[in-house]
Protein chains: 2
Amino acid sequence: MMHSIAIHGGAGTLPRADMTPEREAAYRAGLAAALDAGFAVLERGGTSLDAVTTAVRLLEDDPLFNAGHGAVLTHEGTVELDAAIMDGRNLAAGAVAGVSHVRNPVELARAVMEHSPHVMLIGAGAEEFALTRGIALVPNDFFMTDTRRAQLSSVLAGDARPANELSALGTVGAVARDRDGNLAAATSTGGMTGKRYGRVGDTPIIGAGTYADNHACAVSATGHGEYFIRAAVAHDICARVAYGGVTLAQAADAVVMDRLQKMGGEGGIIAIDATGGVVMRFNSEGMFRGARAADGTREILIYRK
Amino acid sequence: MMHSIAIHGGAGTLPRADMTPEREAAYRAGLAAALDAGFAVLERGGTSLDAVTTAVRLLEDDPLFNAGHGAVLTHEGTVELDAAIMDGRNLAAGAVAGVSHVRNPVELARAVMEHSPHVMLIGAGAEEFALTRGIALVPNDFFMTDTRRAQLSSVLAGDARPANELSALGTVGAVARDRDGNLAAATSTGGMTGKRYGRVGDTPIIGAGTYADNHACAVSATGHGEYFIRAAVAHDICARVAYGGVTLAQAADAVVMDRLQKMGGEGGIIAIDATGGVVMRFNSEGMFRGARAADGTREILIYRK
């Protein structure tokens with residue numbers, strides 16, 4: 001029994017051949033900053049909710065990752081963001097989808113959870129709610145980077161896999177267990193480059209991209225969202241632990257390495273069980289990820305070990 | 001093993017004392033029309049997907065029920081509709097949220113499933129997609145009825161439970177098993193009277209209000225959506241059947257009569273298992289519902305038996 005945290009920065013990694021030492025160092029630094037900030041919250045006795053909020057906020061602010069500032073662009077060249085958060089103590093949850101002017105969508109999802117009677121708010125209505133909570137709006141331009149503009153151009157030009165594409169399976173997320181034994185999960189994303197028609201992936205779907213239940217586990221997913229929704233990935237992993245009598249590692253293997261793989265769903269998950277044990281599984285080439293626990297473990301990884 | 005169908009018209013029923021014979025006859029007639037039309041699809045060898053689409057479309061068109069024409073009004077006096085559909089054969093799914101100009105949202109959800117690479121589309125983007133599929137848009141006024149306008153006025157005047165309020169837990173849905181043994185589920189709603197900020201309930205959330213998996217069951221839910229999302233009701237019932245070694249009836253009882261009840265989540269579900277057996281459970285005063293099966297069973301009910 002220990003406090004611990006795991007984070008991810010998406011399952012859409014560069015092919016190993018394209019990864020330079022400089023780029024890798026930058027990604028590792030971004031992951032380390034989020035991981036250590038989240039862990040510091042737990043160390044000083046903070047809640048798992050605060051830890052995952054802190055970690056995800058830092059990943060949202062880091063332009064390297066596909067969430068918040070640096071999110072991918074839609075078909076129309078705008079940014080539309082989704083996020084969710086869940087409290088394993090009481091199954092409270094908050095989610096937002098299709099927001100375009102909120103700097104840290106994870107904080108808005110948390111405000112929905114804590115200060116509204118609702119779980120999910122979308123689009124302009126979600127931003128109206130943000131204003132009632134005193135959350136300042138930012139121009140949509142705030143989120144855009146030249147890298148993402150170039151990726152959109154490549155996609156619109158018909159490139160299925162544009163140069164330096166890191167976004168197809170891009171998401172950020174965190175799961176944590178605090179000293180009181182409470183679990184929490186949070187996930188945030190800009191979705192897919194060139195997405196259209198108000199497409200929403202698994203990230204803000206409670207049970208798909210995000211789920212937390214003290215009696216089972218907390219999960220944050222990243223990958224080809226449509227498959228993760230159809231398989232109800234985050235809840236399915238928790239349900240296998242709760243009803244199937246398997247360990248978290250076995251449940252994650254069954255869902256990510258078997259069920260999703262057979263469906264053709266690329267991606268992965270980070271998860272934490274009631275004892276604070278961390279599991280990180282992916283069926284893609286890599287997954288930006290890190291984990292740190294009270295027993296001194298600290299690892300930051302990109303590709304398979 | 002048989003083909004069968006179950007439908008619901010929401011768990012938000014009138015208190016028994018307020019139900020007149022005329023009103024009850026009207027509700028029963030609307031339920032019977034949808035039930036029999038869906039069952040006729042199965043009788044002639046049609047798919048469960050076609051059966052649930054047919055039943056839900058009729059309930060959407062019936063102004064008595066809170067979906068499509070006759071849906072409840074938002075705080076702003078508009079109508080915003082949500083719907084989802086799922087194919088238990090291959091876990092294909094489609095969902096839309098916050099659409100305002102599509103006559104039959106269940107048909108749009110099905111178009112998303114069958115003709116887009118996505119599962120969930122929201123708002124204006126979903127309507128843009130509808131146009132690409134040749135689905136004609138209708139004015140928002142099309143959906144409005146005097147009854148719903150009066151209910152909104154009551155809610156805005158501070159009435160927690162306005163006269164003739166049938167909408168708080170209003171939703172429509174259907175589940176079916178066809179002759180080939182395939183399961184399907186569909187759900188559609190206008191949400192809650194006076195809803196704000198782009199609020200989305202459980203209906204379009206795959207795993208919450210709607211789920212179907214041939215290996216477990218198909219579920220359509222109706223109730224206080226926020227609780228149904230947090231408990232991932234539809235997927236949880238299927239997971240208990242798949243991993244917990246319980247019957248569908250036991251799983252439904254555990255989720256609806258125990259877990260949701262303890263959380264304070266009012267409402268119910270209809271569900272069907274791999275053999276075609278139907279379960280309808282609710283913890284509210286009533287649930288508009290009906291079921292019909294190849295063995296000759298046919299029932300239409302409102303209150304507890």
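## A tour from a buried cysteine to a nine-stranded sheet

Start by selecting Cys217(A), which is buried, with a relative accessible area of 0%. Keep in mind as you go that this is a predicted model.

Next, hop over to chain B and pick Cys238(B). This residue is buried as well, because its relative accessible area is 3% and the cut-off for buried is under 20%. With cysteines on screen, you might ask: how many disulfides does the structure hold over all chains? The count is zero.

**The sheet**

Now switch to a cartoon view and colour the strands. Nine of them form an open sheet with mixed pairing. Follow the order E13(A)-E12(A)-E1(A)-E5(A)-E6(A)-E2(A)-E3(A)-E4(A)-E7(B). Which strands sit at the edges? Select residues 298-303 of chain A for strand E13, then residues 199-200 of chain B for strand E7; each of these pairs on one side only.

Zoom in on strand E3 (residues 92-99) and strand E4 (residues 120-122), both of chain A. They run parallel and are joined by three bridges. To find your place there, label Ala95(A), which stands opposite Met120(A) in E4(A). As a reminder, strands of a sheet pair through backbone hydrogen bonds, either parallel or antiparallel.

**Helices across the strands**

Add helix H1 of chain A, residues 21-43. H1 lies across strands E1 (4-8), E5 (172-177), E12 (286-293) and E13 of chain A, and runs at about 145° to E13(A).

Then bring in helix H3 of chain A, residues 105-115. H3 lies across strands E2 (81-87), E3, E4 and E6 (183-189) of chain A, at about 135° to E3(A).

**Aromatic rings**

Show the side chains of Phe, Tyr and Trp next. Over all chains, the structure holds ten aromatic pairs. One of them is Tyr27(A) with Phe288(A), a stacked pair at 4.5 Å centre to centre, with 25° between the planes. Since Tyr27(A) lies in helix H1 and Phe288(A) in strand E12 of chain A, the pair ties together parts that are 261 residues apart in sequence. Are these two residues buried or exposed? Both Tyr27(A) and Phe288(A) are buried.

Move to chain B and select Tyr27(B) and Phe288(B). They form a stacked pair too, 4.6 Å centre to centre and with 25° between the planes. Here the link runs from helix H1 (residues 21-43) to strand E12 (residues 286-293) of chain B, 261 residues apart. Tyr27(B) and Phe288(B) are both buried.

For the last stop, return to chain A and add Phe65(A) to your selection: Tyr27(A), Phe65(A) and Phe288(A) form one aromatic cluster.

Terms used: Residues numbered from 1 in each chain as written. Chains lettered and ligands numbered in written order. Predicted model: local features only at pLDDT ≥ 70, side-chain atom pairs only at ≥ 80, totals over all residues. Heavy atoms only, no water. Pairing = 2+ DSSP bridges. Helix = DSSP H or I, 4+ residues; strand = E, 2+ residues; numbered from the N terminus. Contact = heavy atoms within 4.5 Å. Axes fitted to C-alpha atoms, helices over the stretch in contact; angles between N-to-C directions. Disulfide = S-S within 2.5 Å. Buried < 20%, exposed > 50% of the residue type's maximum accessible area, 1.4 Å probe, protein only. Phe/Tyr/Trp six-rings, centres within 6.5 Å; stacked < 30°, edge-to-face > 60°.
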